[in-house]
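Please consider how the parts of this chain are brought together in space. The account below moves from individual residue pairs to the sheets and then to the whole.

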Amino acid sequence: MMFNEVLQGSAIYQAQDPQVISDYVNQHIGTHRISVKGECHQRASIWHRDFSDVALSRITYGGNVRVQSADLEDIYHLQIVTSGVCDWSLADKDLRVSAGEVLLLNPNDKVDLNYSADCEKVIVKIPKSVMISALAEKVAYLPKEGVKFDHAVRKTSDHRSLIHLLELIFMEAEAAQSDFSQLAPYSSLLAVKLLDCFSNNIQIPAEEQAPHCFSAIDSYIADHIKDDLSIDDLASLSRVSQRTLYNIFARHKSVTPMHYIKQQKLMHVHKMLQDGEGGCRNVTEVALDFGFMHLGRFSSEYRKMFGELPSETLKKRGH
């Protein structure tokens, strides 16, 4: 599949004024503003389709256009240039992405980019919550700053397995199915693949490098995830002092033991609200079940971790 041919059946606008395309992008892809340089009247086009938790787009402005974005909010953007070039000015570096190359942007990235007149891009929008859920698949922890990918331009030819997965996702999306609820694993698989392909701040220590007590600690936390776990419990289980326990977590997890426990509890709550495990009926019931007694604080911490309120996660499950 050629990416400059995808989503043929999902055209939103073709041969339109660039501002029309920009208005649609602001509603469905990410907040930004454009500045048109020179002549590009009625040559902008966009194709767009939602697929499970991700959104797929192909876009061209048909001329030299500058795009500025103050904040990508809680979304990762995988951007593949299929023709022309796109020059990026990010907070930490300037990059040129040419046809056949890909760049992955993080939530809250501030971007300033320029499309060449013949530039066309495919954009895959991945919610922060999908990336966090993928960490569970990799048995990894979530750093305090969230999952952050390095800003590096890569060739699509160097990541054939990722491209094959994207081709499959685009083909499934174009199969004109109206209910993508059974296709959610594709989103998770894509997030896991991105964690494998692109350099990031997630570290998964080799089994022989990690303290042996971690496997016991993780098992204990998983078995007692709904309990009010304490530092005393974990220190006793590990047969180390509380100070040593803090040092172990700081060195190998970059968080405190209690922060790690809270992350695990929130991940379990997220999965229950997302998948309906245990027949949960409402957010309050699930939150209390996992020991979150202050519901306002719980909602705030949940939103900070997953980019949406718990009620929004539960509402999505019904769609």
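Lysine 155 is partly exposed, at 45% relative accessible area, a class lying between buried (under 20%) and exposed (over 50%), computed with a 1.4 Å probe on protein chains only. Its salt-bridge partner is glutamate 101, with 3.6 Å between the closest N and O atoms; the term denotes a side-chain nitrogen of Lys or Arg within 4 Å of a carboxyl oxygen of Asp or Glu. Glutamate 101 belongs to strand β9 (residues 101-105) and lysine 155 to strand β12 (residues 154-155), so the pair links distant parts of the chain, 54 residues apart. Strands here are DSSP runs of E with at least two residues, helices are runs of H or I with at least four, and both are numbered from the N terminus. In contrast to its partner, glutamate 101 is buried, at 14% relative accessible area.

This is a predicted model, in which local features need pLDDT of at least 70 and side-chain atom pairs count only at pLDDT 80 or more, whereas totals for chains, interfaces and linings use all residues. Residues are numbered from 1 along each chain as its sequence is written, and side-chain values use heavy atoms, with hydrogens and water left out.

The two residues are also linked through the backbone pairing: the bridge partner of glutamate 101 in β12 is lysine 155. Strands β9 and β12 run antiparallel and are joined by two bridges; strands are taken as paired if DSSP finds at least two bridges between them. They belong to an open sheet of seven strands, ordered β1-β3-β4-β11-β6-β9-β12, with antiparallel pairing. Strands β1 (11-16) and β12 stand at the edges with a single partner strand each, so one side of each has no neighbour in the sheet.

Two helices pack on this seven-stranded sheet. Helix α1 (residues 18-28) touches β1, β3 (44-51), β4 (54-60) and β11 (120-127), and its direction makes about 20° with that of β3. Helix α3 (residues 160-173) touches β3, β4, β6 (75-83) and β11, with a direction at about 90° to that of β3. A contact requires heavy atoms within 4.5 Å; axes are lines fitted to C-alpha atoms, for helices over the stretch in contact, and angles run from 0 to 180 degrees between N-to-C directions.

Strand β6 contains threonine 82, which is buried at 18% relative accessible area. Leaving aside residues up to four places away in sequence, threonine 82 touches Phe3, Asn4, Ala99, Glu120, Lys121 and Val122. The C-alpha atoms of threonine 82 and phenylalanine 3 are separated by 6.5 Å, although these residues are 79 residues apart along the chain.

A second sheet can be traced in the same way. Five strands form an open sheet in the order β2-β5-β10-β7-β8, with antiparallel pairing. Its edges are β2 (33-37) and β8 (94-98), each with a single partner strand, so one side of each is left without a neighbour in the sheet. From one strand to the next, the twist averages 20°. Strand β2 is joined to the antiparallel strand β5 (residues 64-69) by five bridges, and valine 36 has valine 65 as its bridge partner in β5.

Within this sheet, arginine 66 forms a salt bridge with aspartate 112, the closest N and O atoms being 2.5 Å apart. Arginine 66 lies in strand β5 and aspartate 112 in strand β10 (residues 111-115), 46 residues apart. Arginine 66 is partly exposed at 30% relative accessibility, whereas aspartate 112 is buried at 18%.

A further salt bridge joins glutamate 301 to lysine 262, with 2.9 Å between the closest N and O atoms. Glutamate 301 lies in helix α10 (residues 295-306) and lysine 262 in helix α8 (residues 257-275), so the pair ties together parts that are 39 residues apart in sequence. Both residues are partly exposed: glutamate 301 at 21% and lysine 262 at 32%.

Turning to the whole structure, the search finds six salt bridges. The secondary structure comprises eleven helices and twelve strands. Of the 319 residues, 47% count as buried. Among contacts with a separation of 6 or more, 73% come from residues 24 or more positions apart.
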